[in-house]
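Subject: Handing over the structure

Hi,

Here is the structure I promised to pass on. Have a look at it first, and then read my notes underneath.

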Amino acid sequence: MQVVIYLLWILFYTVNIILAIYFILPVFLFLIHFTLPASRRLALQRYPKKVNKDFDFAAIITAHQDVKLIPPLVDSFLKQDYKNFTVYVIADDCDITDLQFSDERIRIIKPAIPFHAKIKSIHFGVESFERKHDALIIFDSDNLVHPNYLSTLNKYFQSGFRAVQTHMLSKNFASTYAKLDSVGHIYHTFLERQVKMELGLTSAILGLGIAIDLDIYNEIMYTNKLGGFDKKLQVQLAKKLPSIAFAADAIVYDEKVDSGEALEKQRTRWIFTYFTYFKDSLALLANGFSTMHMGRILLAINMLRPPLFLTIALALCITIISFFVKPMIALIWIIILVLF
């Protein structure tokens, strides 16, 4: 019995330490950001141009059963101040009767058999390339891109980066849910991408606005076609490349969820993908330690954290439990949570 109690205490302290890391690390990175000189925050200026080339970009837009938001997105591409690109609209199970564009850089492709899976649409888009592009960029149908999006992105590739996550901002704030979703994204962008780029570490990616060297993308193997493909993509890119860049000045706008039902569906999907790719996250952590690559270690630690709302709920539960078993730990947790 004594052994069981001893093991339970070890488990209790271990959970406390691991969980505390997820609240202390953001505070630590936040303080580092404000101690950096201004020159460190202008990330791209630290990386000299390596090639003087206008990279050929292929923008893949995945649409599923709805194309009403495709025209404004395509229009935002046609207004780019950079001209070396082709847009591939993959209209999965969509009616494309009225979807017509005169510009030869816009390609509308409808699969003969519906995919009902984003990763399948992306692969189909790559297989449909009319030529060998230098890099591909992944978009959802409800996105919009800033007029200097591609010209800015080109500078990062000229500096030698082979994977660049661009800056996703919200395009709608009408509902409370959209505002909450936006606040959460601002938090993750700052800590998981902006600060990492300032420190020269690997930035986390998203499922949209990620630009990848085509040769690198073709090397990545997917073992399934489940949701959360960006998790698998992130692990593979982190292992293959010295770093993944974050382009804060290359802006893509995204439609945020605007209802409780949509928010619930989104969070449920995130929980599912977290467990689906848990082994991949562990593998990246092991790779980070074996190669002593701090960028991979921090990225893996972030990937192993459950969705933030679950992490906060768990911390509150442990704080309450600690009041009854170890009041000093409860006090420490209150301090940590206040700092967070």
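Below are my notes on the sheet, one helix and the empty spaces.

Some ground rules before the details. This is a predicted model, so to speak of local features I needed pLDDT of at least 70, and side-chain atom pairs count only at pLDDT 80 or more, while totals for chains, interfaces and linings use all residues. Residues are numbered from 1 along each chain as its sequence is written, and side-chain values use heavy atoms, with hydrogens and water left out.

**The sheet**

Start with the open sheet of eight strands, which has mixed pairing and the order 3-2-1-4-7-6-8-5. Strands here are DSSP E runs of at least two residues, helices are H or I runs of at least four, and both are numbered from the N terminus. Two strands pair if DSSP finds at least two bridges between them. The edges are strand 3 (106–109) and strand 5, each pairing on one side only.

Ala-59 is a handy place to begin. It stands opposite Val-87 in strand 2, and its bridge partner in strand 4 is Ile-137. Strand 1 (residues 57–64) runs parallel to strand 2 (residues 85–92), joined by eight bridges, and parallel to strand 4, joined by six. Ile-137 in turn stands opposite Ala-211 in strand 7; strand 4 and strand 7 (residues 210–213) pair in the antiparallel sense over four bridges.

Strand 4 (residues 135–140) is largely enclosed by the rest of the structure, because five of its six residues are buried (under 20% relative accessible area; exposed is over 50% and partly exposed in between, with a 1.4 Å probe and protein chains only). Strand 8 (residues 245–254) is largely enclosed too, since seven of its 10 residues are buried. Strand 8 runs parallel to strand 6 (residues 163–170) over seven bridges, with Val-164 partnered by Ala-245. With strand 5 (residues 144–145), strand 8 pairs in the antiparallel sense over two bridges, and Val-145 has Val-252 as its partner.

**Helix 10**

In helix 10, Asp-280, Ser-281, Leu-284, Leu-285 and Gly-288 are buried. They cover an arc of only 145° around the axis, which puts them on the same side of helix 10 (the arc is that of the directions from the helix axis to the C-beta atoms). On the other side, Lys-279 and Ser-290 are exposed.

**Empty spaces**

The search used a 1 Å grid over the protein atoms alone: a cavity is a set of points where a 1.4 Å probe fits but cannot get out, a pocket is an open set with protein on both sides within 12 Å along at least five of seven lines, and lining residues have an atom within 4 Å of a point. Grid points are joined across faces, edges and corners, and a volume is the space filled by probe spheres set on the points.

How many cavities of 30 Å³ or more does the whole structure hold? The search finds one, with a volume of about 180 Å³. Of the 14 residues that line this cavity, Leu-25, Pro-26, Glu-192, Asn-302 and Arg-305 are the closest to its centre. Helix 6 gives the most to the lining, with five residues.

The second largest pocket has a volume of about 290 Å³. Its lining has 13 residues, with Ile-18, Leu-19, Tyr-22, Leu-304 and Pro-306 nearest the centre. Helix 1 gives the most to that lining, with five residues.

Cheers
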